[in-house]
Amino acid sequence: MNVNRLTAIDDKPGRPRGLKLASIAIAIVGAIAAARSASANTSNGINLPRGVTVLSRDIYSLHMLVFWICVGIAVVVFGTMIVAMVKFRHSQGAIPDTTMVHSTKVEIVWTIIPVVILIVMAVPAALSILKIEDTRNSDLSIRVTGYQWKWQYQYMDAAAGINYFSTLSASSNFARQLHSGIDPRTVPHYLLSVDHPLVIPSGVKVRLLLTSADVIHAWWVPDFGMKRDAIPGFINEMWIKVLPGKEGVYRGQCAALCGRDHGFMPIVVDVKTPADFKKWVEDQKAALKQAQAAPAAPAAAASAPPRTAATLPLTAKL
Ligand SMILES: [Cu+2]
């Protein structure tokens with residue numbers, strides 16, 4: 001019945017079978033390409049990204065360990081099933097053994113093996129969780145505050161005083177407007193670019209203190225392997241240590257449905273080498289000092305809120 005129906009579709013004029021197969025192939029290739037382009041920097045769109053931080057690599061190793069254990073279990077279980085079904089089928093004259101209703105030996109074996117497998121998975125998982133939660137001995141702390149719909153970054157420790165807002169870049173913001181006439185595909189990193197990215201050094205344990213000024217947001221950069229809620233009235237912690245040599249720009253988004261413009265508050269992190277970061281901090285502090293020393297115009301002083309972002313000539317526009 002089904003074969004007839006398929007034949008009838010294939011015989012439609014103007015839709016040769018070869019063309020249909022080609023269009024299916026193109027659709028599959030297109031879907032893979034779309035998954036790749038939509039994914040984060042180190043993701044291939046299929047597997048979990050390996051990421052660029054100490055924690056993301058740990059999480060990836062754990063994920064692969066569990067994955068291969070699952071593959072092993074699948075091979076053994078389905079292999080046994082297939083062998084049993086083929087070798088002991090009725091047409092081969094197999095007769096069911098109705099006398100075997102209990103075997104203590106078998107029960108011990110199929111209890112111990114899963115327990116061992118669970119321990120093999122639980123030990124590295126527990127160690128990873130402990131490591132993720134251990135925010136002690138950080139070298140740099142940054143307070144991250146979510147707003148509808150932007151992020152504020154306030155540096156502490158050696159970079160204390162640097163404080164700015166990070167909002168959707170103007171190019172994405174123009175293109176997203178109704179009837180803007182701008183094709184979003186022509187905008188680089190559409191909805192994933194900001195005016196002032198978070199700047200952090202590589203090879204350094206950076207602690208983020210996350211909170212919110214209005215609703216629940218979530219700070220998420222897939223390549224860092226971490227996502228944490230920013231909740232009003234609470235401070236959540238997470239830490240990042242980008243591996244040396246992995247400097248660059250990493251992108252993420254708010255991961256909690258936080259209102260109308262939830263999709264328009266991306267996160268961009270510019271990871272610099274420690275030397276470049278030190279220079280960046282010095283530049284920001286110098287600019288801050290200069291801005292504070294300069295007499296503010298009366299009109300501007302009255303209208304502008306005391307936000308460093310307005311005065312800092314932040315170097316990176318990503
Ligand atoms: Cu949000």
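Here is a walk through the structure, from overall confidence down to a few odd backbone spots.

Keep in mind that this is a predicted model, so a word on confidence comes before anything else. The average pLDDT over the chain is 84, and 79% of the residues reach at least 70. Two stretches deserve some caution. Over residues 32-40 the pLDDT stays under 50, and the model gives that stretch nine contacts beyond four places in sequence. Residues 300-313 are also below 50, with 15 contacts in the model beyond near neighbours in sequence.

Now for the general layout. The chain holds eight helices and 10 strands. Of its 318 residues, 22% count as buried. If you take the contacts with a sequence separation of 6 or more, 67% of them link residues 24 or more positions apart.

A good place to start is helix α4, residues 104-133. How far apart should its ends be? At 1.5 Å a residue, its 30 residues should span 44 Å, and the end C-alpha atoms sit 43 Å apart, which agrees. What about its surroundings? The number of buried residues among those 30 is zero, so α4 lies largely in the open. Take I117, which belongs to this helix. I117 has 15 C-beta neighbours inside 10 Å, so it counts as partly exposed; the cut-off for buried is 20 or more. I117 also has company from elsewhere in the chain: I69 is 48 residues away in sequence, yet the two C-alpha atoms are 7.9 Å apart in space.

Next come the sheets. One is an open sheet of five strands, ordered β3-β2-β1-β5-β8, with mixed pairing. β3 (163-166) and β8 (236-240) stand at its edges with a single partner strand each, so one side of each has no neighbour in the sheet. On average, neighbouring strands here are turned by 25° against each other, direction ignored. Within this sheet, β1 (residues 140-147) and β2 (residues 150-155) pair antiparallel over six bridges. If you want to find the register by eye, look for V144, which stands opposite Y153 in β2.

The chain has another open sheet of five strands, with the order β4-β10-β9-β6-β7 and, again, mixed pairing. Its edge strands are β4 (198-201) and β7 (226-230), each pairing on one side only. The twist from one strand to the next averages 25°. Strand β9 (residues 248-254) runs antiparallel to β10 and is joined to it by six bridges. A handy marker for that pairing is G252, which stands opposite I267 in β10. Helix α6 (residues 274-293) lies across β4 and β10, running at about 135° to β4.

Which residues have the most contacts inside the largest nonpolar core? They are V144, I200, L208, I240 and V269, in a core of 40 residues. The largest share of this core, four residues, is supplied by strand β10 (residues 266-272). V144 is worth clicking on for its neighbours: leaving out residues up to four places away in sequence, V144 touches W151, Y153, L208, L209, L210, W219 and A230. Y153 in that list is the residue you already met opposite V144 in the β1-β2 pairing.

Finally, let's turn to the backbone geometry, where a few spots would catch your eye in a torsion check. Q148 and W149 are joined by a cis peptide bond, with omega at about 5°. W149 is found in the loop between β1 and β2. Then there are positive phi values at residues that are not glycine. H179 has a phi of about 60°, and L191 has one of about 65°. H179 lies in the loop between α5 (170-176) and β4, and L191 is likewise placed in the loop between α5 and β4. Are these residues buried or exposed? H179 has 5 C-beta neighbours inside 10 Å, so it counts as exposed. L191 has 18 such neighbours, so it counts as partly exposed.

Conventions
Residues are numbered from 1 along each chain as its sequence is written. This is a predicted model: local features need pLDDT of at least 70, side-chain atom pairs count only at pLDDT 80 or more; totals for chains, interfaces and linings use all residues. Helices (H or I, at least four residues) and strands (E, at least two) are DSSP runs, numbered from the N terminus. The expected span of a helix is 1.5 Å times one less than its number of residues. A residue is buried if 20 or more other C-beta atoms lie within 10 Å of its own, exposed if 12 or fewer, and partly exposed in between; C-beta atoms are placed from the backbone. pLDDT is the predictor's confidence in each residue, from 0 to 100. Two residues are in contact if their C-beta atoms, placed from the backbone, lie within 7 Å. A nonpolar core is a set of buried Ala, Val, Leu, Ile, Met, Phe, Trp, Tyr and Cys residues joined through C-beta atoms within 7 Å. Two strands pair if DSSP finds at least two bridges between them. Axes are lines fitted to C-alpha atoms, for helices over the stretch in contact, and angles run from 0 to 180 degrees between N-to-C directions.
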